[in-house]
Amino acid sequence: MATDILAEITGMLVEIVGDEYLLAEEVTMKTTFNEDLALESIEFVALAELLHHRYGADVDLMGFLAEKDMDAILAMSVGELVTHIGRITHTSLARVPSGGSPASAG
């Protein structure tokens, strides 16, 4: 599941910053948004919108960031976001009686 989320976030980042930039550096769970990707605040807003469209209102990037202090935001890795999304989507799937994946049925 984390691999799928990482791939989706990577796709979103390519859409936001351009594939030429990301081809030079593979996005991994340890990739940081600030140091490695140098994401600007407007790009975080664009990512938040893409996440909202893909995962729904439960995945609130701005709310997730609001819980962190500035140092934690600057040090945040893609893996932290992947883990957050995994937790939220897993909880959402558990609440939805139909349409969930077969793995969540057991």
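**Figure 1. Glutamate 43, a buried residue without a salt bridge.** Glutamate 43 is buried (under 20% relative accessible area, with a 1.4 Å probe and protein chains only), yet no salt bridge (a side-chain nitrogen of Lys or Arg within 4 Å of a carboxyl oxygen of Asp or Glu) is formed by glutamate 43. Lysine 68, the nearest side chain of opposite charge, is 19 Å away; for charge, Lys and Arg count as positive and Asp and Glu as negative, with His and the chain ends not counted. This is a predicted model, in which local features need pLDDT of at least 70 and side-chain atom pairs pLDDT 80 or more, while totals for chains, interfaces and linings use all residues. Residues are numbered from 1 along each chain as its sequence is written, and side-chain values use heavy atoms, without hydrogens and water.

**Figure 2. Surroundings of glutamate 43 in helix α3.** A polar atom of the glutamate 43 side chain lies 2.7 Å from the backbone nitrogen of glutamate 40. Beyond neighbours within four places in sequence, glutamate 43 has contacts (heavy atoms within 4.5 Å) with Ile16, Val17 and Ala38.

**Figure 3. Threonine 32 in the loop between α2 (19–23) and α3 (41–55).** Threonine 32 counts as buried because its relative accessibility is 15%. Its side chain reaches the backbone nitrogen of glutamate 35 at 3.3 Å. Not counting residues up to four places away in sequence, threonine 32 touches Leu37, Ala75, Met76 and Ser77.

**Figure 4. The protein around these sites, with 6 helices and 0 strands.** Helices (H or I, at least four residues) and strands (E, at least two) are DSSP runs, numbered from the N terminus. Buried residues make up 32% of the 106 residues.

Key:
Buried < 20%, exposed > 50% of the residue type's maximum accessible area, 1.4 Å probe, protein only. Polar contact = N/O pair within 3.5 Å; in protein donor to acceptor, adjacent residues only side chain to side chain.
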